[in-house]
Amino acid sequence: STDLAQVSVTLAQAGLTANQTKTALEALAKTSLAATFSNINNTTEGSIALMRQFKIGVQDLEASLGAINAVAGQFAVESSDIIAAIQRAGGVFAAASRGVSEGTTALNEFIAVFTAVRSTTREGAETIATGLRTIFTRLQRESTIDALKEFGVTLQDAQGKFVGAYKAVQLLSEGL
């Protein structure tokens with residue numbers, strides 16, 4: 001209960017209304033019961049980041065945290081690593097995905113990309129997130145798009161718009 005009281009202050013400081021704070025507290029309290037989540041304060045900070053970066057409403061927070069928990073339970077990745085990656089690279093991924101996939105869809109795509117890299121390399125979450133942030137930024141550059149066309153990888157749709165971060169990773173995997 002002491003942890004939840006501290007969490008409620010953090011949520012209020014993040015600008016959530018009383019009703020939103022109540023809803024978020026219910027979702028966050030459940031994470032303290034899940035084996036894959038270890039620190040409710042870090043989970044709270046990560047939850048605020050995922051709601052803001054991926055534009056996910058507090059009503060979808062429980063489902064988003066449930067997705068993180070499910071992935072952490074099935075793959076070689078920890079919930080805290082996913083949360084750390086969201087905090088460091090989620091905003092760039094969400095921005096690169098805007099117009100293609102948004103909200104929980106974009107979040108789930110980010111979790112998938114991060115988990116694939118983490119499971120394969122076992123690098124630290126911060127290292128992977130920094131790398132992903134750099135990659136997703138550079139993939140949108142015109143010079144990168146033009147250079148990849150030489151290898152048969154097209155990262156723009158018919159209207160000349162970036163295909164989105166997840167699709168870009170998919171196309172790079174297939175093309176290279």
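**Figure 1. Helices α4 and α6 run roughly parallel (an angle under 35 degrees; over 145 would be roughly antiparallel, 65 to 115 roughly perpendicular, and the rest oblique) to each other.** This is a predicted model, where local features need pLDDT of at least 70, side-chain atom pairs count only at 80 or more, and totals for chains, interfaces and linings use all residues. Residues are numbered from 1 along each chain as its sequence is written, and side-chain values use heavy atoms, leaving out hydrogens and water. Helices are DSSP runs (H or I) of at least four residues, numbered from the N terminus. The axes of α4 and α6 come within 11 Å and cross at roughly 20° (lines fitted to C-alpha atoms in contact, N-to-C, 0 to 180 degrees). Look for Ser64, Ala67, Ile68 and Val71 on the α4 side, in contact (heavy atoms within 4.5 Å) with Thr104, Leu107, Asn108, Ile111 and Thr115 on the α6 side. Sort these by class and you get five nonpolar, four polar and no charged residues (Asp, Glu, Lys and Arg are charged, Ala, Val, Leu, Ile, Met, Phe, Trp, Tyr, Cys and Pro nonpolar, others polar, Gly among them).

**Figure 2. Here α3 packs against α4.** Helix α3 covers residues 40-53 and helix α4 covers residues 61-74. Their axes sit 11 Å apart, at an angle of about 115°. The pair therefore counts as roughly perpendicular. From α3, the residues making the contact are Thr43, Ser47, Leu50 and Met51. Their partners on α4 are Leu61, Ser64, Leu65 and Ile68. No charged residue turns up in the contact of α3 with α4, just five nonpolar and three polar ones. You've already met Ser64 and Ile68 of α4, in the contact with α6.

**Figure 3. Now it's the turn of α5 and α6.** Helix α5 takes in residues 79-97, and its axis comes within 9 Å of the axis of α6, crossing at roughly 125°. That makes the two helices oblique to each other. On α5, check out Asp81, Ile82, Ala85, Ile86, Ala89, Gly90, Phe93 and Ser97. They meet Ala106, Leu107, Glu109, Phe110, Ile111, Val113, Phe114, Thr115 and Arg118 of α6. By class, the contact of α5 with α6 has 11 nonpolar, three polar and three charged residues.

**Figure 4. Zoom in on the largest pocket, with a volume of about 200 Å³.** A pocket is an open set of 1 Å grid points with protein on both sides within 12 Å along at least five of seven lines, while a cavity is a set where a 1.4 Å probe fits but can't get out; lining residues have an atom within 4 Å of a point. This pocket is lined by 13 residues, and Val113, Val117, Leu132, Ile135 and Val169 are the closest to its centre. Three helices give two or more residues each to the lining: α6 (103-121), α7 (125-139) and α9 (165-175). The biggest share comes from α7, with seven residues. As for class, the lining has 10 nonpolar and three polar residues, and no charged ones.

**Figure 5. Last stop: the largest cavity, with a volume of about 50 Å³ (the space filled by probe spheres set on its joined grid points).** The structure holds one cavity of 30 Å³ or more. Around the largest cavity you'll find Gln53, Phe54, Lys55, Ala94, Arg98, Ser101, Glu102, Gly103 and Ala106. Its lining is an even mix, with three nonpolar, three polar and three charged residues. One of these lining residues, Ala106, is also part of the α6 side that meets α5.
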